[in-house]
Amino acid sequence: MTETADTERLARIEGKLDLIVLQVTQVKDTSNDHESRLRVLERWRYSLPLGLGAAGGVGFELIAKLAGGG
C-alpha cells in the first residue's frame, strides 16, 4: 500500500471511531434520562401507599367523629 492509501484508510477508521464515540455518548445520555425517570416513578409509587394510608386514616377518623363515635 502507498502512504496515501494508508492515510485515507486511517482517516476512515478515525471517522468510524468518532461516530462510535458519538453513539456511545448518546446511548449513555438516554440511559441516564431513563434512569432519572424510573427513580421519579419509583419515588411516586412507594410514597403513594403511605399517602393513601394517611388520608384514609384521617378520613375514617373524621367519619367516626361526625357519626358521633368519637
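Buried here means under 20% relative accessible area, exposed means over 50%, and partly exposed is whatever falls in between (1.4 Å probe, protein chains only). By that yardstick Asp33 is partly exposed, at 34% relative accessibility. The model is a predicted one, with pLDDT of at least 70 needed for local features and 80 or more for side-chain atom pairs, while totals for chains, interfaces and linings use all residues. Numbering runs from 1 along each chain as its sequence is written, and side-chain values use heavy atoms, with hydrogens and water left out.

As for the overall build, the protein chain has 1 helix and 0 strands (DSSP runs numbered from the N terminus: H or I of at least four residues for helices, E of at least two for strands). The chain is more spread out than a compact globule, because its radius of gyration is 30 Å, well over the 11 Å from the globule rule for 70 residues. That radius is taken over C-alpha atoms, and the rule is 2.2 Å times the number of residues to the power 0.38. Along the principal axes, the C-alpha atoms fill a box of roughly 100 × 10 × 5 Å. Ala11 and Leu62 give a feel for this: 51 residues apart in sequence, they sit 76 Å apart in space, C-alpha to C-alpha. Buried residues account for 0% of the 70 in the chain.

Turning to charge pairs, the whole structure holds 4 salt bridges, each being a side-chain nitrogen of Lys or Arg within 4 Å of a carboxyl oxygen of Asp or Glu. Asp33 pairs with Arg37, with the closest N and O atoms 3.0 Å apart; both lie in helix α1, 4 residues apart, or about one turn. Arg37 itself is exposed, with a relative accessible area of 54%. Further along, Arg39 and Glu42 come to 2.6 Å at their closest N and O atoms, and they are 3 residues apart in helix α1. Both partners are partly exposed, Glu42 at 33% and Arg39 at 39%. Glu61 and Lys65 also form a salt bridge (4.0 Å, N to O). Shared partners join Glu35, Arg39 and Glu42 into one network of salt bridges.

There is a greasy side to the story too. Ile13, Leu17, Ile20 and Val24 make a nonpolar surface patch of about 360 Å². Patch residues have over 30% relative accessible area and no salt bridge, with nonpolar side chains (Val, Leu, Ile, Met, Phe, Trp, Tyr) joined within 5 Å and like charges within 9 Å. Areas come from the Shrake-Rupley method with a 1.4 Å probe, and for residues only the protein chains shown count as cover. Ile20, found in helix α1 (residues 3–66), is partly exposed at 45%.
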